[in-house]
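Thanks for making time this morning. I would like to walk you through how the strands are arranged in this model, so please keep the picture in view while I talk.

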Amino acid sequence: MNQQRRNIMRITSVLGAAFAAGLLKPADVFAAEWSQKVFDAKSLEAAVKELGGDKFTVSQDVTITGPDIAENGAVVPVSISSRAPNTDFMAILVEKNPSAMSASFNFPAGTEPAVTTRVKMGATSNVHALVRADGKWLVASKEIKVTLGGCGG
């Protein structure tokens with residue numbers, strides 16, 4: 001048995017025992033910052049408020065790219081990135097979805113703040129890239145037209 005496998009087995013055994021004993025909860029390790037209210041927000045303004053901000057600014061330091069027309073709203077590719085210094089949080093919001101918040105990402109210091117993913121879109125909508133950098137909220141937006149809805153449509 002190689003050493004790396006032994007280390008993984010040791011770590012998982014310790015974590016498993018800690019979970020079983022009630023010393024650790026999954027929220028302590030994995031989703032400590034999860035907030036259902038953020039994902040229930042219906043607008044960009046409401047999401048920023050639930051995340052602890054009070055206002056946001058449109059910024060050239062935030063970039064969002066995606067297709068002008070998405071043929072299938074169930075899998076719309078979206079990329080977001082930030083050139084703002086000290087970016088530690090990014091999110092993708094789809095304005096006309098039942099839940100505006102589609103995804104959120106935390107970035108440790110020294111990490112390049114860029115993400116490419118796919119989101120569901122129920123209809124043609126503005127898609128927002130929301131960024132927190134140095135405690136300020138920055139946003140960039142792009143309209144993406146959808147020919148076939150992906151949120152149950």
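Let me begin with the hairpin that E8 and E9 form, where two residues lie between the strands, and where Asp134, in the turn, has a positive phi of about 55°. Please bear in mind throughout that this is a predicted model. The two arms of the hairpin, E8 with residues 125-133 and E9, pair in the antiparallel sense over nine bridges, and if you want one position to orient yourselves, look at His128, which stands opposite Ser141 in E9.

Which other strands pair with E9, and in what sense? Strand E1, covering residues 57-58, pairs with strand E9, residues 136-146, in the parallel sense over two bridges, and there Thr57 has Leu138 as its bridge partner. Strand E3, residues 69-70, is likewise joined to E9 in the parallel sense, over two bridges, with Val146 in E9 serving as the bridge partner of Ala70.

Now to the open sheet, in which three strands follow the order E2-E4-E7 with antiparallel pairing. Strand E2 (62-65) and strand E7 (114-119) each have a single partner strand and stand at the edges, so one side of each is left without a neighbour in the sheet. Neighbouring strands of this sheet are turned against each other by 15° on average, direction ignored.

Looking more carefully at one pairing here, E2 and strand E4, residues 76-82, run antiparallel and are joined by four bridges, and within that pairing you will find Thr63 opposite Ser81 in E4.

Definitions and conventions:
Residues numbered from 1 in each chain as written. Predicted model: local features only at pLDDT ≥ 70, side-chain atom pairs only at ≥ 80, totals over all residues. Heavy atoms only, no water. Pairing = 2+ DSSP bridges. Axes fitted to C-alpha atoms, helices over the stretch in contact; angles between N-to-C directions.
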